[in-house]
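Colleague: I'm new to reading models like this one, and I'd love a close look at a single part of it. Could you pick up the helix I ask about below and walk me through it slowly?

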Amino acid sequence: MMTAAELEASAPPPAPASLLRRWLVVAALSFASIVSYVDRQVINLLVDPIKADLGLSDVQISLLQGFSFALLYAFLAIPLAWVADRYNRKWVILGGVICWSAATFGSGLAMGFAVLFFARMLVGIGEATLAPAGFSMLSDYFTKEKLPAAISVFTGTGFIGSGLALMIGGYLYSALAAAGPAVTSFGTFQPWQLTFFAVAGLSIPVFLCLLLIREPARTGVMVLAEGEEAPPALEIFAFIKRNATVFLPLFFGFSCFAASQFGIGAWAPSYFIRIHGWSQMEVGQYFGPATMFGGLAGVVAGGFLVERLLAGGMKDATLRLPMLAVACAFPFAVAFPLVSSPFVALAMLTLALFFGTVPFGAGVASFPLITPNRMRAQIIAVYLLVANLFGYSAGPLLVAWLTDNMFGSPSDIDRSLAIAPPMTMAIGLILVALAMKPYRKMILRIEAEQ
């Protein structure tokens, strides 16, 4: 059986896709990203009812929000990305859609921490397939100058999913809570369980939409000379090792930025509920749109701005702009949990999200720009592995640990939020700054070779 790379290397080059078709692919992948984030983030709105029914602590909840997701990712990210770099990426993504929607439905069947942990762990298959394969597909649909904008739209729409998780989840949970538990022949289900069942069904139109997109021809595929051996399956690690001064600071630096945003996203709903007395519906009404606007606008604006900076000759624009944006986000991240007005807090939080999410489009676009085609999905998978194990897990966990152990009261979540996310932002700025000089040298070397 020939791999996708071998088939495409032996075939005549196809005509490039039209601009409309390329952006329709971005739209389809973005739709999938939105729904994956709804399934992934809706648990953040259900923290208190889940705690009450299952008797969990904030630390256990933080494990469900982040570590469970990252655990499966740690085992499957690289193998699935290797498959995506060699075979049909569309079918890899479709398989992920089936798995993450089934896992979301299974979350509603959980009657204890262990089962819910396992179900949330399986949701990680969505991230392990969609992001690496999606980045790789877009790298073949767009030139390197246009790629940051496409990637920014793809990644930025995840914040629409985060916002919709709060808005849809808030309305669903409020309506279901008003109706009371559902008594069926299969048992009695609480409103939070029914909420999981409902959002799982959103994956059906995603699956049908993704069926319509085409797998793009791979650009820059390495063709082997007669008698030449194929590179080893794990050549990605040798590539990272050769360029460790670039990749390691960026992996961990961007992961610190992710930790700050995931920490805020995981616990801001509980902050508004515990500190300002909002209901789940009010969190959905107010914080949901703030997440959608702040996150999406930051990622997309950053992507289009960095595209212009690259066209103007700024070689390190994909690092310089994210650092400036995170520095702007820092004071708002410190201040928003400490103000007395919930709407002033919401405004500051929106600005923290706007500036703090710029790296997830403009910054992450650095990786495919410096990586050969045959390893692009894998390099994104390695980054997301670090980001999920360190960022997505540590961000919520650090806030929860400070609340449970340093301050000792759920009502002190405001102080935890004022400390943990800004601290991880500062560490990330230091790490990305260390990568600036070697990154510029790597870009110049690649341009010279081309």
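What follows is a look at one helix, set against the whole chain.

Colleague: Where do Pro 438 and Ser 416 sit, and which residues do they touch?

Modeller: Happy to. Keep in mind that this is a predicted model. Let's start wide and then zoom in. The protein chain has 17 helices and 2 strands. Its radius of gyration is 21 Å, close to the 22 Å that the globule rule gives for 450 residues, so the chain is as compact as a globular protein of that length. Along the principal axes, the C-alpha atoms fill a box of roughly 65 × 50 × 35 Å. Of the 450 residues, 57% are buried. If you take the contacts with a separation of 6 or more, 84% of them join residues 24 or more positions apart.

Now for your helix. Both of your residues belong to α17, which covers residues 413-449: Pro 438 has its place there, and so does Ser 416.

Take Ser 416 to begin with. Its relative accessible area is 0%, and buried means under 20%, so Ser 416 counts as buried. Setting aside neighbours within four places in sequence, Ser 416 is in contact with Val 399, Leu 402, Thr 403, Phe 407 and Pro 421.

Further along the helix comes Pro 438. Its relative accessibility is 18%, which is still under the 20% cut-off, so Pro 438 is buried as well. Not counting residues up to four places away in sequence, Pro 438 touches Thr 245 and Val 246. Here's a nice one to find on your screen: Pro 438 and Val 246 are 192 residues apart in sequence, yet their C-alpha atoms are 5.8 Å apart in space.

To round off the picture, look at the inside of the chain. The largest nonpolar core has 82 residues, and those with the most contacts inside it are Leu 210 and Phe 367. Helix α16, residues 376-407, gives this core its largest share, 11 residues. Apart from that core lies another one of 43 residues, including Leu 116, Tyr 173, Trp 278 and Val 283. As for Leu 210, beyond its neighbours within four places in sequence, its contacts include Ala 28, Lys 90 and Val 97.

And the outside? The chain exposes about 17400 Å², with carbon and sulfur atoms supplying 70% of that.

Note on methods
Residues are numbered from 1 along each chain as its sequence is written. This is a predicted model: local features need pLDDT of at least 70, side-chain atom pairs count only at pLDDT 80 or more; totals for chains, interfaces and linings use all residues. Side-chain values use heavy atoms; hydrogens and water are left out. Helices (H or I, at least four residues) and strands (E, at least two) are DSSP runs, numbered from the N terminus. The radius of gyration is taken over C-alpha atoms; the globule rule is 2.2 Å times the number of residues to the power 0.38. Buried means under 20% relative accessible area, exposed over 50%, partly exposed in between (1.4 Å probe, protein chains only). Contact means heavy atoms within 4.5 Å. Accessible areas come from the Shrake-Rupley method with a 1.4 Å probe; for residues, only the protein chains shown count as cover. A nonpolar core is a set of buried Ala, Val, Leu, Ile, Met, Phe, Trp, Tyr and Cys residues joined through side-chain atoms within 4.5 Å.
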